[in-house]
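The following exercises are intended for a reader who meets this structure for the first time. Please study the sequence and the structure before turning to the solutions.

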Amino acid sequence: MANTNVAFGLKPIGLHGGAPATQGQTAYYISGTASAIYQGSPVKVETTGGTIQVASTAADGEQLLGAFAGCEYVDATTGEKKFSNYWPGSGSANTSYDIIGYVYDNPAQKFLCVADGGMTNKATARANIFKTVDFDNGDAGSTTTGLSTGVVDISTANATDPSLPLMIVGIQEDVDNQDYAAAGIAMIVKINNHVLLGNDSDATIA
């Protein structure tokens, strides 16, 4: 049976070390001119403005802060406070007021992210555990659902490249998604180059 998973970006599932599944979020500023950021999108910091922005499509070589959870801002048209699971982008907010974005930023956070291609079988999939990988479509999403369409670019899985943004740390066991030869297997990942664990000389920030 074909896998039922569709792309949803980075979905938090708990912390390393058996911590409870409850995830913490931290509030950060978003620039009024920032590009769209979808729920589940990887975000990075902008050191010149003290704000966050969506990471590049693959996020290769970038230090990441975490995954976007949602935001609040004053709507530019209605003047009303708005809470949204995604940031629509430049022109959406009245910039006389702060635009606040919430990020799952714990360096120990684990996420689900589906693979964009097949891995032959379960044994081959398991061989990718502890390898690093790129995103694909990390900066894209749906304005209907507000969700990211980011996926694990499984073809980039690499045992020797520490610059890649994610590390695979497991595979979700799911009766509805067991076709390892097809796209849609949910990989358990962590952020590999986390900005809160490094310094600005480790990788590109913004």
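The exercises below concern a predicted model, and each is followed by a worked solution.

**Exercise 1. The chain as a whole**

Determine how many helices and strands the protein chain has, and compare its radius of gyration with that of a compact globule.

Solution.
- Step 1. The secondary structure consists of one helix and twelve strands.
- Step 2. Read from the N terminus, the order of the elements is β-β-β-β-β-β-β-β-α-β-β-β-β.
- Step 3. For 206 residues, a compact globule would have a radius of gyration near 17 Å; the chain has 17 Å, so the two agree.
- Step 4. Along the principal axes, the C-alpha atoms occupy a box of roughly 55 × 40 × 30 Å.
- Step 5. Buried residues account for 46% of the 206 residues. The chain exposes about 9,300 Å², and 48% of this area comes from carbon and sulfur atoms.
- Step 6. Among contacts with a separation of 6 or more, 71% are between residues 24 or more positions apart.

**Exercise 2. Strand pairing**

State which strands pair with β4 and in which sense, parallel or antiparallel; then describe how β5 and β6 are joined.

Solution.
- Step 1. Strand β2 (residues 26-30) and strand β4 (residues 51-54) run parallel and are joined by two bridges. Across from Tyr29 stands Thr51 in β4.
- Step 2. Strands β3 and β4 run antiparallel, with four bridges between them. Val45 has Ile52 in β4 as its bridge partner.
- Step 3. The hairpin of β3 and β4 has four residues between the strands, and Gly50 takes a positive phi near 65° there.
- Step 4. Strand β6 (residues 81-84) pairs with β5 in the antiparallel sense over four bridges. The bridge partner of Val74 in β6 is Lys81.
- Step 5. The hairpin of β5 and β6 has six residues between its strands, and Gly79 in the turn shows a positive phi of about 75°.

**Exercise 3. Two lysines**

Decide whether Lys44 is buried or exposed, and do the same for Lys190; then identify some of their surroundings.

Solution.
- Step 1. Lys44 belongs to strand β3 (residues 42-46), whereas Lys190 belongs to strand β12.
- Step 2. A residue is buried when its relative accessible area is under 20%.
- Step 3. The relative accessible area of Lys44 is 9%, and therefore Lys44 is buried. For Lys190 the value is 19%, so Lys190 is buried as well.
- Step 4. The side chain of Lys44 makes a polar contact with the side chain of Glu62, at 2.9 Å.
- Step 5. Apart from neighbours within four places in sequence, Lys190 is in contact with His16, Gln109, Pro165, Leu166, Met167 and Val169.

**Exercise 4. Two loop residues**

Locate Ser31 and His16, classify their exposure, and find partners that are distant in sequence.

Solution.
- Step 1. Ser31 is in the loop between β2 and β3. His16 is in the loop between β1 (11-15) and β2.
- Step 2. Ser31 has 24% relative accessibility and is therefore partly exposed. His16 has 33% and so also counts as partly exposed.
- Step 3. Ser31 and Thr51 are 20 residues apart along the chain, and their C-alpha atoms are separated by 6.2 Å. Beyond neighbours within four places in sequence, Ser31 is in contact with Thr51, Trp87 and Ile99.
- Step 4. The side chain of Ser31 also makes a polar contact with the side chain of Thr33, at 3.0 Å.
- Step 5. His16 and Lys190 are 174 residues apart in sequence, while their C-alpha atoms are 9.1 Å apart in space. Residues up to four places away in sequence aside, His16 touches Ala108, Gln109, Lys110, Val169 and Lys190.

**Exercise 5. The nonpolar cores**

Which residues touch the most other members of the largest nonpolar core, and which elements give two or more residues to this core?

Solution.
- Step 1. The largest nonpolar core has 24 residues, of which Leu10, Met187 and Val189 touch the most other members.
- Step 2. The elements that give two or more residues to this core are β5 (66-74), β8 (109-114), β9 (132-136), β10 (151-158), β11 (166-171) and β12 (186-191).
- Step 3. Another core, of 16 residues, lies apart from this one; among its members are Ala34, Val45, Leu65 and Val103.
- Step 4. With residues up to four places away in sequence not counted, the residues that Val189 touches include Leu10, Phe111, Cys113, Val152 and Ile168.

Technical notes. Residues numbered from 1 in each chain as written. Predicted model: local features only at pLDDT ≥ 70, side-chain atom pairs only at ≥ 80, totals over all residues. Heavy atoms only, no water. Buried < 20%, exposed > 50% of the residue type's maximum accessible area, 1.4 Å probe, protein only. Polar contact = N/O pair within 3.5 Å; in protein donor to acceptor, adjacent residues only side chain to side chain. Pairing = 2+ DSSP bridges. Core = buried A, V, L, I, M, F, W, Y, C linked by side-chain atoms within 4.5 Å. Contact = heavy atoms within 4.5 Å. Rg over C-alpha atoms; globule rule 2.2 N^0.38 Å. Areas by Shrake-Rupley, 256 points an atom, 1.4 Å probe, with all protein chains shown as cover.
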